[in-house]
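Please look through the model shown below with its charged side chains in mind, and follow the pairs one at a time.

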Amino acid sequence: MNVEATVGRSLPTRARAATDAIRRSWLGTFYDRVLELRLIDQVYQVSASVFVAYIPLILALAAVLTGGQTAVAEAIVTRFRLTGSAAQTVLELLDRPSRGIYWLGLIIILWSAISIGRKFSRMYTDIWQVPRLRLKQQWRAGVWLVLQVSMSASIALVRDIWGPAGSGRIVAYVAGSVVVWWLAEFAAQWILTAGQVPTRRLAVGASVVTVGRVGLGVWTATYLADSLANQALTYGPIGVVFSIFTYIVSAVGVIVVGTLLASIWTDRGAGPDPQGTS
């Protein structure tokens with residue numbers, strides 16, 4: 001009877017010890033920081049901004065540079081490997097000839113897109129626990145926007161040069177994309193944190209985010225492509241919108257979660273970096 005009572009009393013103690021161990025681990029720290037930073041809300045807010053500002057900016061730039069949005073529509077069809085009526089729905093939704101440029105609207109879209117950089121800057125600085133950018137440093141959001149457009153163009157170029165057409169070309173395409181993603185993410189975080197984070201920590205952050213992007217690419221090819229095709233067939237153009245927004249939320253989530261994980265994993269023993277600049 002005494003043995004049973006002893007065992008009964010030890011179970012809650014063991015449970016508390018296990019709970020305390022989890023809370024002291026990186027997993028517990030990750031959970032606490034997600035709540036502290038309200039990252040889920042921030043992911044949806046940034047994703048909505050990307051959807052209503054960045055994508056229209058890409059479409060507007062395509063119209064300015066090519067006279068239409070055919071290139072963007074074809075890129076989506078190629079990216080998600082759409083065929084048949086699903087591909088036709090995307091082309092009908094986006095492939096419109098330009099009838100002139102509404103310059104005021106373009107300026108508004110451009111300013112809105114730059115505000116996305118400011119949102120990312122606040123997330124990065126909060127995650128890395130460094131001071132936010134001062135007012136006179138807000139120009140960095142514009143540099144970030146140029147970087148993102150350049151990354152998108154570079155990925156499209158890599159796809160055109162080494163697009164999937166044999167195992168060797170697939171390997172070259174993936175390797176080229178990984179290099180572009182890593183360089184773009186490292187530069188983005190360095191720019192939007194004003195060099196306040198040690199470069200070795202940023203390198204880890206860029207690496208984790210890049211791994212997440214690779215996983216996102218696999219998920220996109222195996223699941224989201226079929227989902228987009230089914231949504232397009234079932235709901236028409238609005239189904240395409242749903243799927244694109246799902247992809248944006250996933251992409252922003254990869255960036256935020258990857259950066260937070262890197263911040264936690266590199267926090268212990270982190271010290272000043274002589275190569276970091278402010």
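How exposed is Asp 41, as judged by its relative accessible area? In this predicted model, Asp 41 is partly exposed, with a relative accessible area of 36%. The partner of Asp 41 is Arg 38, and the two side chains meet in a salt bridge in which N and O are 3.1 Å apart. Arg 38 is likewise partly exposed, at a relative accessible area of 48%, so both residues of this pair fall between the 20% limit for buried and the 50% limit for exposed.

Side chains of opposite charge can pair when their charged atoms come close. Across the whole structure, a search finds four such salt bridges, and the pair just described is one of them.

Another pair lies within helix 2, which spans residues 26-37 and holds both Arg 33 and Glu 36. These two residues are three positions apart, or about one turn of the helix, and they form a salt bridge whose closest N and O atoms are 3.8 Å apart, a separation that counts because the cut-off is 4 Å. The two ends of this bridge differ in their surroundings: Arg 33 is buried, with a relative accessible area of 7%, whereas Glu 36 is exposed, at 54% relative accessibility.

Further along the chain, the side chains of Arg 132 and Asp 126 also meet in a salt bridge, with 2.8 Å from N to O. Here Arg 132 counts as partly exposed, because its relative accessibility of 48% is neither under 20% nor over 50%.

Methods
Residues numbered from 1 in each chain as written. Predicted model: local features only at pLDDT ≥ 70, side-chain atom pairs only at ≥ 80, totals over all residues. Heavy atoms only, no water. Helix = DSSP H or I, 4+ residues; strand = E, 2+ residues; numbered from the N terminus. Buried < 20%, exposed > 50% of the residue type's maximum accessible area, 1.4 Å probe, protein only.
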